Amino acid sequence: MDHEKDGQKVGVREERAVKQSVERASSEILDILAVKGKVTRSGAVSTPCTAYPEGDGVHRLRHPWSVYDVPGADLEQAMDRVRAQLPAKGWKIVKDGPDKSRAKLPQIVADSADGHLSADLRLWLESADSKRSSMIEVTVVSDCFRSRP
């Protein structure tokens with residue numbers, strides 16, 4: 001059974017399969033980045049889709065992570081690899097430019113070929129005298145769905 005909201009259908013899918021898809025996409029992006037640094041490790045977590053009533057059971061999976069302790073120049077090259085290789089793997093880059101934050105971070109947003117996933121990558125470059133590490137912050141999210149009972 002599909003649910004409609006604002007003309008959009010929300011599919012019923014197996015949550016485990018969606019989680020595997022999100023985490024596989026994260027792994028693919030990490031492989032494309034191809035940098036040697038530290039990676040935060042977390043799994044995909046369920047979050048409600050705010051456009052739907054809370055008790056509706058409509059949610060999405062989010063997998064936020066980052067790679068850090070890598071020189072800024074290497075991270076910039078990694079973002080260039082993402083620009084070149086994600087489209088070759090069927091992803092469509094829908095945004096490539098500064099984000100809306102005050103810092104105007106370089107941002108790439110890409111959607112999977114099937115439209116079920118989106119990836120948001122942001123490059124944080126720190127100055128050489130900063131105590132913080134430069135990093136690429138990545139969030140892969142699924143579209144909204146209802147879990148199969």
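Biologist: What makes the meeting of the Arg-83 and Asp-96 side chains a salt bridge?

Modeller: In this predicted model, the N to O distance between Arg-83 and Asp-96 is 2.7 Å. The cut-off for a salt bridge is 4 Å between a side-chain nitrogen of Lys or Arg and a carboxyl oxygen of Asp or Glu, so the Arg-83 and Asp-96 pair qualifies. The pair links distant parts of the chain, with Arg-83 in helix α2 and Asp-96 in strand β6, 13 residues apart.

Biologist: Why is Arg-83 called partly exposed?

Modeller: Its relative accessibility is 29%. Buried requires under 20% and exposed requires over 50%, with partly exposed in between, so Arg-83 falls in the middle class. Asp-96, at 42%, also counts as partly exposed.

Biologist: How do you know that Arg-122 and Asp-99 form a salt bridge, and is Asp-99 buried or exposed?

Modeller: The closest N and O atoms of Arg-122 and Asp-99 are 2.9 Å apart, which is within the 4 Å limit. Arg-122 belongs to strand β8 and Asp-99 to the loop between β6 and β7, 23 residues apart. Asp-99 has a relative accessibility of 4% and therefore counts as buried, whereas Arg-122, at 23%, is partly exposed.

Biologist: What makes the Glu-126 and Arg-132 pair a salt bridge?

Modeller: The N to O distance of that pair is 3.5 Å, again within 4 Å. Glu-126 is partly exposed at 22% relative accessibility, while Arg-132 is exposed at 60%. Elsewhere, salt bridges that share partners join Asp-80, Arg-83 and Asp-96 into one network. The structure holds eight salt bridges.

Biologist: How do you know that Cys-49 and Cys-144 form a disulfide?

Modeller: Their sulfur atoms lie 2.0 Å apart, and the rule accepts sulfur pairs within 2.5 Å. By this rule the count comes to one disulfide. Cys-49 lies in the loop between β4 and β5, and Cys-144 in the loop between β9 and β10, so the pair ties together parts that are 95 residues apart in sequence.

Biologist: Why is this disulfide called left-handed?

Modeller: The torsion about the S-S bond is about -110°, so the disulfide is left-handed. Both cysteines are buried. They also belong to a core of five residues that includes Tyr-52 and Val-58 and is separate from the largest nonpolar core.

Biologist: Why is His-59 called buried, and what makes its link to Ser-46 a polar contact?

Modeller: His-59, in strand β5, has a relative accessible area of 9%; the threshold is under 20%, so the label applies. Its side chain comes to 2.7 Å from that of Ser-46, which is within the 3.5 Å allowed for a polar contact. Leaving aside neighbours within four places in sequence, the residues in contact with His-59 include Glu-15, Cys-49, Cys-144 and Phe-145.

Biologist: How do you know that the span of helix α2 is close to the expected value?

Modeller: Helix α2, residues 72–88, reaches 25 Å from its first C-alpha to its last, and 24 Å is expected at 1.5 Å a residue. Its buried residues are Leu-75, Ala-78, Met-79, Val-82 and Leu-86. They pack against several elements, including α1, β5 and β6.

Biologist: What makes Ala-34 noteworthy in its phi, and why is the residue called exposed?

Modeller: Ala-34 has a positive phi of about 50° although it is not a glycine. The residue is found in the loop between α1 and β3. Its relative accessible area is 51%, and exposed means over 50%, so Ala-34 is classed as exposed.

Definitions and conventions
Residues are numbered from 1 along each chain as its sequence is written. This is a predicted model: local features need pLDDT of at least 70, side-chain atom pairs count only at pLDDT 80 or more; totals for chains, interfaces and linings use all residues. Side-chain values use heavy atoms; hydrogens and water are left out. Helices (H or I, at least four residues) and strands (E, at least two) are DSSP runs, numbered from the N terminus. The expected span of a helix is 1.5 Å times one less than its number of residues. Buried means under 20% relative accessible area, exposed over 50%, partly exposed in between (1.4 Å probe, protein chains only). Contact means heavy atoms within 4.5 Å. A nonpolar core is a set of buried Ala, Val, Leu, Ile, Met, Phe, Trp, Tyr and Cys residues joined through side-chain atoms within 4.5 Å. A polar contact is a pair of N or O atoms within 3.5 Å; within protein, one must be able to donate a hydrogen and the other to accept it, and residues adjacent in sequence count only if both atoms are side-chain atoms.
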